[in-house]
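The following exercises concern a predicted model. Please work through each task with the structure open before reading its solution.

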Amino acid sequence: MDQDQQNAILDATFFQWGREREADIKNGVKFAHYTSAQVAMDILRANDENRCLWLRNAMLMNDFSEIEYGQQLLRLSLTNQEIVGRLKEACNAIDPEVINAFTMLDQEVYAIKRGTYLLSLALHKGLELVRGRLSMWRAYGGDANVCLLLNPEAFITEQSAYDAVLAPVDYGGPVKFLNGLIRIIENMEKNCTELREINPNLVKANFKYAIDIMILSTKHPGFEEESEWRVIHREKIPAEPNSPPNKIVCLNGIVQKVFYLPMKNMPEHNLENADLNSLLYKVLIGPTPNPDLVWEGFVRILQECGVENPADRVLASGIPLRR
């Protein structure tokens with residue numbers, strides 16, 4: 001079995017979580033990144049080599065309990081003895097080493113949080129593309145909010161430039177999580193013969209990574225209106241050759257490491273439409289005391305960056321917001 005065949009089998013077995021949500025990304029849908037006007041300006045005004053989107057450590061998310069919720073659902077799923085028995089049989093049929101993926105998970109409860117870096121995006125369509133989403137304006141950006149609306153092509157096209165996964169956040173709760181685990185078990189049973197031809201340590205690593213992705217892309221059903229997607233990078237030591245670049249920054253007084261995705265194309269790795277002119281759909285200005293001045297400022301910034309039709313790319317939502 002060659003490398004492409006191995007990758008195809010591993011993908012078909014372990015990485016179908018959220019695939020049905022890919023149909024949500026269709027014509028006219030954009031990814032929204034809410035931030036402050038200051039941060040948006042810093043992103044856009046950076047030179048070509050430094051213009052990027054940051055992936056921040058999961059421990060610095062607004063709601064740290066988000067990852068703990070996914071871990072709770074995994075523990076709850078594993079109280080189902082019928083499922084646990086079926087899982088063990090599926091693993092042992094491939095290789096007894098594979099079941100150790102769950103031992104690794106138990107040992108890495110903290111490491112999943114400590115070694116995970118995320119970029120959060122919200123799926124927007126229709127009127128949201130001109131006024132944003134009220135709950136997001138309330139949550140992000142402080143007194144001068146800005147939303148960068150991004151075209152999705154660079155995120156959804158399979159690429160080999162960076163070790164990062166795009167995953168839709170699931171809000172289905174315990175039942176949906178359990179069904180996701182059952183689906184993996186069913187795929188392991190179905191693809192058992194092919195998986196036995198692959199190095200068991202590689203199968204185990206992919207199994208563990210699949211469970212990690214489920215944990216990291218699960219939120220309480222109460223957050224469903226956010227329609228969040230996440231770009232996820234799990235830090236590896238030593239670093240993989242295609243690990244995203246990283247640097248130390250100070251944000252809100254906290255010195256921290258961030259991984260980042262440069263806004264540039266890498267056609268040799270099938271990464272296209274990542275340059276600023278292709279990636280940026282619009283800059284949407286949220287609640288701010290002086291939207292006209294902010295609009296003028298961002299038009300000037302885009303003009304200096306060489307963005308086509310800069311005045312058409314900046315829009316003030318005009319949405320009122322009581323703070």
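**Exercise 1.** Determine whether cysteine 52 is buried or exposed, and how far its sulfur lies from the closest cysteine sulfur.

*Solution.* Begin with accessibility: cysteine 52 has a relative accessibility of 4% and therefore counts as buried. Next, consider the sulfur distance. The closest cysteine sulfur belongs to cysteine 305 and is 13 Å away, which is too far for a bond. A disulfide requires two cysteine sulfur atoms within 2.5 Å. Cysteine 147 is likewise in no disulfide, since the nearest cysteine sulfur, in cysteine 305, is 18 Å away. With a relative accessible area of 0%, cysteine 147 is buried. The count under this rule is 0 disulfides.

**Exercise 2.** Establish which contacts lysine 282 makes and which side chain of opposite charge is nearest.

*Solution.* First locate the residue: lysine 282 belongs to strand 9, residues 280-285. Lysine 282 is buried but has no salt bridge; the nearest side chain of opposite charge is that of aspartate 312, 6.6 Å away. A salt bridge would need a distance within 4 Å. The lysine 282 side chain instead reaches the backbone oxygen of aspartate 312, at 2.6 Å. Beyond four places in sequence, lysine 282 touches Cys147, Leu148, Leu149, Asp312 and Arg313.

**Exercise 3.** Identify which residues touch the most other members of the largest nonpolar core.

*Solution.* This core has 41 residues, and Leu150, Phe155, Val283 and Phe298 touch the most other members. Its largest share, 5 residues, comes from helix 14 (residues 291-304). A second, separate core of 40 residues includes Cys91, Ile94, Phe177 and Ile213.

Notes:
Residues numbered from 1 in each chain as written. Predicted model: local features only at pLDDT ≥ 70, side-chain atom pairs only at ≥ 80, totals over all residues. Heavy atoms only, no water. Helix = DSSP H or I, 4+ residues; strand = E, 2+ residues; numbered from the N terminus. Buried < 20%, exposed > 50% of the residue type's maximum accessible area, 1.4 Å probe, protein only. Lys, Arg positive; Asp, Glu negative; His and termini not counted. Polar contact = N/O pair within 3.5 Å; in protein donor to acceptor, adjacent residues only side chain to side chain. Contact = heavy atoms within 4.5 Å. Core = buried A, V, L, I, M, F, W, Y, C linked by side-chain atoms within 4.5 Å.
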